[in-house]
Amino acid sequence: MFESRAGDRYHLRMHRARSVVLTDEELVEVRAAQRTFEGAYIRTALSQFSFALVVLKIFTSEFYSIGALFAVYGAGVLLTSFLRRQQGNKQFFSEIGEDGLNRKKFRTSGNVVVVLTALSVAAYGCLLGLTLKLGNG
């Protein structure tokens, strides 16, 4: 998951990633990407934690499993945001390949979307099952 010496492998304008000084335009671009992608996942995770807390505090014990499900879903979204942040931190840099050539390091967020979709489908499937169990119980 974590790369050793990643700061030495990735370059921007011939500077290593750990020692690069960004221009104002690049800084705006990085901040916009962080607000858009990382912020959205963090806000979603916080809203799921908040809803789980509401369910656990307001409703009776029959609904505790639903509150726990939303808390677990929020934790999953939070972990997904860390994955997206790791990928997003590298998208502005180029990587020096084994042949010595610079290659632009850009990767779409397709993997993150697949993980989040699978997590959401599983969570809402469990929610449907728990809701049906409430009606029968």
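Of the 137 residues of the protein, 28% count as buried. Please keep in mind that this is a predicted model, with a mean pLDDT of 78 for the protein. Its fold is built from four helices and four strands, and the notes below walk through confidence, helices and a few residues that may catch your eye.

**Layout and confidence**

- Reading from the N terminus, the elements follow the order α-β-β-α-α-β-β-α.
- A pLDDT of 70 or more is reached by 68% of the residues.
- Confidence is highest in helix α4 (residues 110-136), where the mean is 90.
- At the other end of the scale, helix α1 (residues 6-9) has the lowest confidence, with a mean of 52.

**Helix α4**

- The 27 residues of α4 should span 39 Å at 1.5 Å a residue, and this agrees with the 39 Å between its end C-alpha atoms.
- Buried positions in α4 are V112, L116, S120, A123 and L127.
- G110 is also found in helix α4, but this glycine counts as partly exposed because its relative accessibility is 33%, between the 20% limit for buried and the 50% limit for exposed.
- From G110 to R84 the C-alpha distance is 10.0 Å, although the two residues are 26 apart in sequence.

**An aromatic link between helices α2 and α3**

- The protein has three aromatic pairs by the ring-centre rule, which asks for centres within 6.5 Å.
- One pair is formed by F51 and F70, whose ring centres are 4.8 Å apart.
- The planes of F51 and F70 meet at 80°, so the pair is edge-to-face, a label given to angles over 60 degrees.
- F51 lies in helix α2 and F70 in helix α3 (residues 64-89), so their pairing ties together parts that are 19 residues apart in sequence.
- The two partners differ in cover: F70 is buried, with a relative accessible area of 10%, whereas F51 is partly exposed at 39%.

**A nonpolar patch on the surface**

- F51 has a second role in this picture, as it joins V54, I58 and F59 in a nonpolar surface patch of about 380 Å².
- V54 sits in helix α2, which covers residues 24-58.
- With a relative accessible area of 38%, V54 is partly exposed; patch residues need over 30%, so V54 passes that cut-off.
- F51, at 39% relative accessibility, passes the over 30% cut-off for patch residues too.

**Two more residues of helix α2**

- V55 is placed in helix α2 and is buried, because its relative accessible area of 3% falls under the 20% limit.
- Between the C-alpha atoms of V55 and A68 there are 8.8 Å in space and 13 residues along the chain.
- T44 is in helix α2 as well, and its relative accessibility of 32% makes this threonine partly exposed.
- T44 and V77 are 33 residues apart along the chain, with 7.2 Å separating their C-alpha atoms.

Key: Residues numbered from 1 in each chain as written. Predicted model: local features only at pLDDT ≥ 70, side-chain atom pairs only at ≥ 80, totals over all residues. Heavy atoms only, no water. Patch = residues over 30% accessible without salt bridge, like charges linked within 9 Å, V, L, I, M, F, W, Y side chains within 5 Å. Areas by Shrake-Rupley, 256 points an atom, 1.4 Å probe, with all protein chains shown as cover. Salt bridge = Lys/Arg side-chain N within 4 Å of Asp/Glu carboxyl O. Helix = DSSP H or I, 4+ residues; strand = E, 2+ residues; numbered from the N terminus. Buried < 20%, exposed > 50% of the residue type's maximum accessible area, 1.4 Å probe, protein only. pLDDT = per-residue confidence, 0-100. Expected span 1.5 Å × (residues − 1). Phe/Tyr/Trp six-rings, centres within 6.5 Å; stacked < 30°, edge-to-face > 60°.
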